[in-house]
Structure formats: C-alpha cells, structure tokens
Amino acid sequence: MKTAVTCLLALAWLPATANAAGGPPVSKDTQGCLDCHESATPGIVADWRRSLHARVTPGESLKKPELERRVSATSIPAEVSGVAVGCAECHTANATSHPDTFRHEGYDVHPVVSPRDCANCHPLEAREFSDNLMSRAHGNLEGNPLYGALCDEVNGRLAFDGTRLVSSPPSDVTRADSCLHCHGTRVTATGKRTLNTDQGDMEIPVLDGWPNQGVGRVNPDGSLGSCAACHARHQFSIEVTRKPETCSQCHKGPDVPAYRIWQVSKHGNIFGSVGHQWRFDTVPWVAGEDFTAPTCAACHISLVVAKDGTLYGRRTHRMNDRLERRLFGLIYSHPHPVDADTSGIRNRAGLPLPTELTGEPVESAVIGTAEQAGRRATMQRVCEACHSTQWTEGHFARLDESVRTADSLVLAATRIVQAAWEKGLAKGPDRKASPFDEPIERMWVAQWLFYGNSTRMATAMAGADYGVFADGRWSLTRNLRDMMEWLEARTKKR
Amino acid sequence: MKTAVTCLLALAWLPATANAAGGPPVSKDTQGCLDCHESATPGIVADWRRSLHARVTPGESLKKPELERRVSATSIPAEVSGVAVGCAECHTANATSHPDTFRHEGYDVHPVVSPRDCANCHPLEAREFSDNLMSRAHGNLEGNPLYGALCDEVNGRLAFDGTRLVSSPPSDVTRADSCLHCHGTRVTATGKRTLNTDQGDMEIPVLDGWPNQGVGRVNPDGSLGSCAACHARHQFSIEVTRKPETCSQCHKGPDVPAYRIWQVSKHGNIFGSVGHQWRFDTVPWVAGEDFTAPTCAACHISLVVAKDGTLYGRRTHRMNDRLERRLFGLIYSHPHPVDADTSGIRNRAGLPLPTELTGEPVESAVIGTAEQAGRRATMQRVCEACHSTQWTEGHFARLDESVRTADSLVLAATRIVQAAWEKGLAKGPDRKASPFDEPIERMWVAQWLFYGNSTRMATAMAGADYGVFADGRWSLTRNLRDMMEWLEARTKKR
Amino acid sequence: MKTAVTCLLALAWLPATANAAGGPPVSKDTQGCLDCHESATPGIVADWRRSLHARVTPGESLKKPELERRVSATSIPAEVSGVAVGCAECHTANATSHPDTFRHEGYDVHPVVSPRDCANCHPLEAREFSDNLMSRAHGNLEGNPLYGALCDEVNGRLAFDGTRLVSSPPSDVTRADSCLHCHGTRVTATGKRTLNTDQGDMEIPVLDGWPNQGVGRVNPDGSLGSCAACHARHQFSIEVTRKPETCSQCHKGPDVPAYRIWQVSKHGNIFGSVGHQWRFDTVPWVAGEDFTAPTCAACHISLVVAKDGTLYGRRTHRMNDRLERRLFGLIYSHPHPVDADTSGIRNRAGLPLPTELTGEPVESAVIGTAEQAGRRATMQRVCEACHSTQWTEGHFARLDESVRTADSLVLAATRIVQAAWEKGLAKGPDRKASPFDEPIERMWVAQWLFYGNSTRMATAMAGADYGVFADGRWSLTRNLRDMMEWLEARTKKR
C-alpha cells in the first residue's frame, strides 16, 4: 500500500566540506581567514561552506542565462571573478571607505559588511534597495519628531514619585534594543580597544550600536541598510529569503501582523501544509512548478515566471513596486510616498505626516493616481498566474472598501481624542504635550497602529480570520466604544 | 558518525508533467481547456497536474479495496470513468443547473464548482457534509437575528458627531470580507459583462459575493458549502486536509483558537517536531505507522485504523459525529444541535439560542443523553489507539469539570450585564437596544466568545498552556472582576 | 534548470517493523506485553518500534565513544544489557517501590514510569534533573502560599450574588487541568477498581492526578518529575527534545513567551526557513554542520561541539547551568536560586519571595556574583561557536539594560498598588486580603507576569519584534499609565 519512493526533492543541503572537496578555489586572503576561523568561529565557517558563495564563482555566475543569473554586475574584477566569494572578498572589500576597518593578522578587515560591499557583484539590487523605504527606516523614524515622541513614550522609563509618574526617555541601549532592532541602528566606530583572546592580545574597533542587522542600519561607511536583515549570514540562502519566517522577524507584531494574516489565508494554509515539497532555490521561480501558493516574496519581490518563461513579476528590491498604497505604519493608509526618505514630509498643519489628521494625503509627497493604477496592475499580474480577472478584481474591490472603512473608524477615534484635547480632558500637541502618553491617547494610537493596520492587511492578504476578532474589526469598534465611554464619563462630570 | 541514507519518505511531489508523461488520458473537453489555460493560468494547471485527479481515473479508483477507496459512488458514467478528472469534468458538470454557466470558447463553463458537482464521484461525502453544521454556516449566521446584531456591531461603521457615536451596518462587501469569509457568502450570478483580454473580448458572468470559499457558501446552483474550503484547489491533496493548517484558516482566532491550543498540547508538540516524517497521503490512515500523534483530522474526520486493519474511527464529513457537545460558538456550551440548520431554534424567552440565558439547553433542539454518550464513546475509541482506558477517562473527567466551571463563570458575567440592564446602566434587549454595543456588553461577549471558549477547548485538547493565561482562566476571572468594578462604580454613584 | 538530486538527509524515520526485522532481541517479558498491546494500543507500540530503545541495546550503547554515548550508567544489569529497552524494562522496573504497581496478566506492572526508573540507564541525567528547578515545579508552586493565592484567584470560581462576586477555590480537577498541567500533579494510587474490557475484567489501580506529564510531577514512588514531559513517549526521539515545539508546550503563553520570542529572532528565522535540512539526531551536536542556528536545546541543554571536537557546551539537565539570572516567573528578575527547592525562601518582610517588594534579591537564597559570572561565561561560550566576542558582549550589555529598565517599570507599578493599599482603595496583604483579586491588583500582576517577563526575554533572545508591541515595552508603559489614571481618579474623588 505504501511504497518507498526515491526522494526527488532538490535539496540545498550539502556537506559543509563540499568546497574543500572540489568547489572553486578560495583566494589566498580568504584561506588566511579560514586557517584560524575554522576553529575560532566554526559555526559560521560551516554555514558559509554550504552557501552558493562558496560553491560558485562570480565569473561562473556571469555566464548563466539572464533569467537564471543572480549577479547583476556586467563585469567583475579579475581577482574576485575566479574564486569563491569568501571571508576576504566581503570583509576586506572597499577597505579604505570603512571607518570600522582594523588591522587583523595582516589584513585590513571590517566587521560591518555594507550594501556598498555587496554592490560589487549585486549593483542593481543595491540600487533598487536604496529606493526602498526600508533602507531609510532608521532616518525615517529618528528624523521624525512625532515618531520620536511615540518611541520615547513606548520605550521610556517611568517612575512613581508617590503622586505622579515621572518619565525619562529611553537610553541609547534601549533604543537599539527596541524600535531600532528592526529599523536599524547607527553603527559608528568610536575608537579601539585591546581584547585578550586565546590567540593573544588583539586591537579591535569599538563599535557603537553593534550588533545590529536592521533593514535600515546606518553603516560606518555611510551606506544605508543591511542585506543580512533578510539574506541571513553566512549561507545567504535564497530559500531563507523566500520563506515567510524571514519577513516575520519584523512583520509579525500587532503593529504590522502581515505574517500572521498570511498564515490564515488560503495561501498560508497551502504553504503550511505542502510547502515542504516546494523548491525554494530555483531562479527564476516558476509558478505552479516550484510552488503552488505564494509566500511574501512571490507577491512582493521575486522574479516569477510560468514554465514557458512568461513573466508574471520581475524581481525588485524596491519593495513597493507592486504596492499602490501604504496600508500600515501610520495613522491613515495613503498612496506610497514618492521618496524613500520621508523625514522631510509635512502636512498642512506642519506635522511630519503624509496625511492630514483627517486622513487626506499630502498630495505633493505621495504618488499620483496613474502611478497607483500602474502598481496595482503590476501586482494583479502576479495574481493572474493562478487567478481569473474576475477573482482578482473582486479581491481588490474588497481591499478598497476595507481601506475606506478602517480609515473612517480611525477618523472617529481621532475626533474623540481631539475632543478630549479641546475640552482639556487630556493634554495634546496644542499645549506642547506629547500626544501619546495619556490613556485616552494610547487608546487612539492602538486604534490606528494595531487595529486599523490589522483590518486593512487582513483584507489585503485574505486572512479574514485575523481581520475580525484578532486585532481587527472587533477591536476597532470595541476600542471606539471604550473611548466614547471615557469621554462621556468625563464630559458629564464637569 | 553521520551517514547519508536514501530517503524513504513517500512524497506526494511529482513533476507537474507526470500526467503528460504516462498518466491517464484527458478528455477532449479538458484538453480544450488546457490548450489555453496552460499559459493563461499556468499556476493552477501545474497544481492540478500534481493532483490525484490528474493521475488516477475514477474507474481505476472504483477498483481499489474498499478501505483504500476515495470515491464513494458505486458507478461512474462511462464518459468520465476512463479519463483524468480535469477542468471540464468539474467546470462543465451539471451545466444546466448552474446559473453561473457562460458560453466560453465553445463550452458551457461555470466558475463556481459546488458540492453537487463533487457528488458525481463523492456522493457519500456530500451527503454527510450536508448534515454538517458547517454546510449551514451561512444561513445559521445570517438567518439568526441575534447573531446578525453581533455582526453588525462588530463589523459596522461608527462616526463621531461631536457628541456621540452614530452607527451604520456594514456594507455587503465588508460582510463578505469578515464573518462570511469563513461562513460563506451567497454567490449569485447577477448578469453578464464583457471583459477585454489578451484573447479578445469575452462575455463573462457577473458574480456577486465572489470570490469566496467559505465552508457554508450558498452556491448559484442552490447547493450549500464549498469543498475547496478544506480541499484546496487545484491539487485537492489529502495531505492538505489532514494538516492542521487547513483547519487553522478558520479555527485560530480568539473566538475559536482550536489550532493554537492543539499546538501546545503534547499532540501538537510531537507533530511540530517529527510530523515531517509522517505519511499524510495514505488511505486508510494507520495510527502509529503513518503518524504518531493526531492532527485535527485524525480525531475528528479521518478513517483511522491499526496496522492489522482494526477500525478506530470511520471517515465522516459530518464533523460532530465524534462530539457530544458544542464547546464554542455560543454563550454556553451545550449538547450538539439535532439539526444542521439551527436558524429556527428558539429558547423559552423567544431568543434564537440553543440555551436559556442561564445556560440550560433547549431540550427539543439538542441531542439527548444517549446520543451524547454514543458520540463520546466514538471519540474515546480513537483515543484508545494509543491511550489506556484510565488515561482517557481521566481526560474526559477534566473536560466535564472545565465545561461546568467555564459555563458558571459565563453565567456570573451574564448576571452582571443583566443587572446593568435592569438598573438602567446599559440598554439591552428589554429596551429593544442591541445587547452588544456598549462597553459592559462587549465585556460580556468577550467572556463567552473568547474566554469561555478558550478555557473549554484548552481542556478538550489538553493545551493547558493556552487555557490558563492566554485568553483562558486568567481572562475569565479578570474580566469578571473588571465587570464587577464597572457595575459597582456606577451603582454607588446613583 | 532543476535537477533531482538524491536525498542526502539523515532521516530518523524507519519502518516500525525494523525491530522485528533484525533489531536486538526483546525480553520474554516485553514480548508478553507486545503479544496483547500490539493490538490493544497499536499506536504506542508502533511508536516505540521506531525508537532507539527498540533498535539499540543498553550494552551496545555502553560501547560507544564517550561523546556519542547516550547512557550515563557505567554498568548495566545483565538481564537488560542485551535486549531492547521495551515495555517490561521500564514498566516493571523497581516494581516494589511503586505503589501504582498492579498484577496484570502475570506481571507486576506500574503505569507511572518515573525518573527513578529511567535512572537505571541514565543516572547522571536523573541526578542533574533533580537539581533543576523544574523537578520541583509542583512543590515550589503548591508549597508557596503567595503563589497559591494567585492560582486560586486565577483558576477559581466566582458567582454573582446580585451585589458582589463570591469566590471559591478551584477544585482539584481544575488545578490538575491548569497550573499543574505543566508544573506536575501529585499522582497517588488510592485503591483498585475493576475494569470491564474486551479481554475480560481487569483490576487496575485508581490513580489520583492522572493523566499528567508535568515536568515537576510527584510520582507514586516519591520521585519528582516526568522525563516524558520533554522526551515524549514512546519514541523518546532526541529530535523531539531538540525541536523548539517541545519547549513551547509550557513556554509559549503570555507569562513566559520564550518560544514566540525566539521565533522572531534571527535564530528562529533561520530555523523556520531551513531547519528542515538539519540533523537533529546526532550526538554530539556539531555547530554549523548539524545545525546553523540554535534551538532552545542548543543554547540551554545540549552537548554542542565543533567539527574538530572542540567543546562549546557540555550536556546538562540542570537547566540553569548557563543562566545567571531568572528572567521570568516572579515579580522581579533575580540571580538564580541556590537550591532547586524554593518553597522555604522568605524575604525580610516574611513573604515567600526571592526578592523584596522593591526588587532587591534575598542574598542568602540566590547565587553570588562569582557564580553568576561563571554561568554567563558558560553561555557566552556557546555564542562563540558563531559570534565574535564583541558581538556577544554587545548582546549581553543590552540584556543588562533590559533587566534594569523592565524591573524599574515593575517597581513603579508595585508602588502604585501599594499606594492603593495604603489609601484603602484596595485591600492588600496588610488587611489579610488577597493581593491578586481586585482589578488594580490584576493590572499589577500583568505588569510583571506578562510585560516585564516578555520585555526581558525579548532582549535575552533577540526577538525585538515581540519586545516592543507584543506584550513588551508598549504594554509596560501603557499599563502603568492606566494604573496611574485609576489611582488618580480615586484619589481625587475622596
């Protein structure tokens, strides 16, 4: 009844000694690193030996047919072209531009590999990523006084002095450990220190804001972002980046529960049930052949084709190429910002927001209707690998309605908190006070940061189970009723 | 120390071209579909090529030994019997009874395949499913004025007019995108429209309530349910339906967290750890051999046997065959309803509920004690494939206690909200007001819809970690204390 | 483009008949068990046939090189040494010390296998486990009047008498079904009863507190703990214990969300993406070779080495060998207790707590600074299999800050609840009332039991996404603001 069949699965797992046993040559410099690190940090060396970097040279990659190619450089320097991409190829690249470079066993080594280093072979990806909101995640948060006030209130200290709460802002260490863990820290080399090791004393750079792999990390060399945020070191496996668990590291919490929502969609259901049978290491990625339901990457990033080569989505590292609207992150949803750097946006009231407090977008800062329509069409093209036009259109009509209704429920909450400010029941921006510290203000923040976001995204990814009771519509309406009760009780009293 | 062994795992994954390369013949009509759809919707065609439908003919299925057979029809029409079950076999079946049928490239095609179509080969499953509460999920919700009031309040719109919240009911689009996503929409063909495509203009039906795969979908042909809710298109893999992620699409949220609870049971632990080694595509399903801990399907649905053929559970598509009591979904737990259509049930107070507001069941509407005992025994028989009688009895004694205590904590909350209504602190049904819109009423709903359900289910599936702090007993008692504080504060004031 | 490769994965899955077909001999007694149980409880027999217990004799195990050995006994009795470890070897071992022993088909069988039985072959593990806080989980909870009061309030019954809530403590059945499910019940043989079975009448022991596999179970033979809590019966697969889903059975809820936090760390991301390629059944466990990111076991328990045999972590069943500080479980974090039995600890105020209510540790009860430093170094050694010293130090600096700030936010909440007690706004221990039953007290408990714990652990395991919005810092500060509003409203009123 049950017969054992030979496993046809294409597995990325290879003995970590593959490279020793017949892979490409490693450079003399990399061999120098390996001589010690094979025993000093054996885990990452074994991890790297399993990577494509260790098994294919950039020169070999360049010869692949265009659709299969993973390097975007048109030419690669001779000294790198014929060897494995090893320790030295990344950690000593562009050494002079790296303030974190230190003299280490005869080499100029920098610990913090940056997108500029990766761009030696992957320049197109680096360029697209620099147009990606994510690459600006540090500055867009830290450079925005309103968001800064929210971070301070959420992550700060509070002491009870017997009468009231006395607040103080979070330390730099706490900042690095909270919002900036995902948004990225500013990493700076502040000096040197001597480390006593098994191999004797070593002088190493002192790095402030380290460790960090946040997507918008500000690197010592001035570049923005960390490719390792998604392309986990040191295997840099494309399987990892195509698996939803990678996105979930930053997109699972109540403020942006994309992963959780997708999990309870039919897409997530199919992946969770039979995704173990799929191929995650093929380029291009063939819909139906390699996978039968999309992960995050399939819809948003990957090069997706049909078996006959028909293009359904071209690869992009500017994550909003297929997105007309920003569904989460701010008070109201709005068309995507034109510029990845959003720190300069101001609305009519002078607030650093891409919408007014009534929800209208700041026209000059966001993409226009033609661009919106184009991006929606780009996404719908991906849907059409499996779905009919009617199916796809029905889905997007629901998204439009969800955006409208969730935004209107946020507007009602905004009006209530504004009424509280006007009546003097809470102290808001009109009195130069934080709009985020009092209980009624926290209720207002929860309305948009958790419930509005969840509801819109639950529709966008068809994870309705999340959109009703789990931080979705139930919470939107319940929280509003609670806010109203709060306001009524205090209004009557006066 | 580590030796590579040949993979003995029986994998369902086959090249999507399997069928082209030696599978059964496809009918002329299906070939007509494939000629275009291979490139028009390549994802679903590749998915289908991997299905048993593409690899085994109904005629071949009929010849299998009874326990291994997946078709329940005793005879199958000659024109279908000898070919793969392809596009045409489902999407042109019973064409005249489908108001969504349209003329498409020379064929009468309907987009909405219904249980009636599936019944051509699977009549027993269709019949059992029609006795399943789930097949009535649309009407049981939409036809119940009390549940309707809850849906309206949860999913509706609220605007703040400067003094109070003004509510309006959710749009049809929002309904389809919230409760009805799982419960099923009513899909109707409302007319035709012309679609401009790469292949020229096409006249297609306009479908209201589409897309939807809810388990209680009302189909254009009048039939109830969608088999694709669990048997995901177009691979229809039995592995998908046996994996818990399928159930989790609708049974994960705080109102019915069955999946989350099972995950933290020992059963979920074992599945999560070594389930990747199990066989999910064998019929019948052999306890211990094919799997070593149950998924949802094993306990509730599947044909489970021992290696020697001993029967532990017969396959059923009436999901409560092994359940004596409905643990979730309503104010109090209660014996399962006699009839899958519950919309006509009325308690002594005239409310459309299977219990009184004190928790007593409406005797005429629910199964009697003999039937309850029989269903419990049916479930215990499944337990006995691995557990001793003493173990099983101890487990069920805990469930009885959990039901009693959780229901009693719901009763206390009900009495508090009733006191609020009586004292005029909130407006309830006695004043023709919604019992679900005010904050104290929302607290009451949370008590049964989230906390009571969670507590009972945590016991039923031995996921105690969920039943204490995650929406379980902690929440039951805390919410009750909060409700009491609310009532006391307002009672004193007057 | 895609080539099928032969599966190189070392799979633990073997036909359940392996043992019949060439494995070691089974003892006559075990064969006696199998003769009936092969059909009486086929699931567990098939599960056992797949275990190492069924495939390797203790004698063979003893001959393995020390690092690969899984038995810690230096000699094993002749009658067990040469046979499979089957039913009889465990369920009839040490029969005379088992009050749950009963005469069954000619054998003296006990249902409750205890650590003392396992110690026949695994004495070192049993000894280490007895020094593990977990082995005392029953008594540490039940023997502590303060924790007892919390359990009573959380799991108890409440009835509304028309004016107020009347509370009564949880029944023994509810206790076994809530906290004690994980902490372990006290299992006692209270008598015998006759069971009517297919094989005729059987006299079996009546077991109170059964079933249970809690980690601190008090066994009928007086021993403490259940090895099956983590080493799930009857496959006893090391893969199960090394998979995080095992830990998640008790460490996922809001009081101790270790699993959820790890999931959104880079470690969890990598495991979730490519962990299916790893080897979980090799001893010792080779960092980089067998796995490329740690599960719970790798950091806390397992024997971890490099390929060249260098030791990174020695195996331990005393779970805090690598932990300097207890981050969760109590009001404030504190250095680990010296003694696994914590029920005798008293602080200066006489409360059964390892800290004062201000957070200072009870010096005599907790480990000193030298021991703390040693345990931190032991853990850091594991980190160094992959990470640089600078990386590791940066991580631990964040943990120190997180501990300080989370504890300070708990202190603020404690001061508020104390103010409420002092002002007579709530009834606390000073009036011999429960400190856990009133709403303001429940808010205080949530501050430490959920939010403080979550924040500290989110830092410890670098799962920042959890530490900000999901029960972390957002909740710490919001809850404090809410407590303050509660206190202010009531202070003004008077």
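I began with the word contact, which I take to mean heavy atoms within 4.5 Å, and I kept in mind that this is a predicted model.

**Entry on the two sides.** I looked up how chain B meets chain C, and I found 69 residues of chain B in contact with 85 residues of chain C. I then noted that the area buried between chain B and chain C is about 6,700 Å², with carbon and sulfur atoms giving 57% of that area. On the side of chain B, the residues that lose the most area to chain C are B:Trp391, B:Arg398 and B:Arg481, and together these three make up 12% of what that side buries.

**Entry on polar pairs.** I searched across the interface of chain B and chain C and recorded 5 salt bridges, along with 25 residue pairs in polar contact. I wrote down one salt bridge by name, in which the side chains of B:Arg481 and C:Glu153 meet at 2.9 Å, N to O.

**Entry on helices.** I asked which helix gives the largest share of the side of chain B that touches chain C. My reading is that α19(B) does, with 17 residues. When I sorted the residues of that side of chain B by kind, I listed 29 nonpolar, 21 polar and 19 charged.

**Entry on symmetry.** I superposed chain B on chain C and found that a rotation of 120 degrees, with 0.0 Å of shift along its axis, does this at an RMSD of 0.0 Å. That is the relation of a three-fold axis. I also checked which surfaces are used, and only 7% of the interface residues of chain B are also interface residues in chain C, so the copies meet through different surfaces.

Terms used
Residues numbered from 1 in each chain as written. Chains lettered and ligands numbered in written order. Predicted model: local features only at pLDDT ≥ 70, side-chain atom pairs only at ≥ 80, totals over all residues. Heavy atoms only, no water. Buried area = accessible area lost by both parts, 1.4 Å probe. Salt bridge = Lys/Arg side-chain N within 4 Å of Asp/Glu carboxyl O. Polar contact = N/O pair within 3.5 Å; in protein donor to acceptor, adjacent residues only side chain to side chain. Helix = DSSP H or I, 4+ residues; strand = E, 2+ residues; numbered from the N terminus. Nonpolar A, V, L, I, M, F, W, Y, C, P; charged D, E, K, R; others polar. Least-squares fit on C-alpha atoms with pLDDT ≥ 70 in both.
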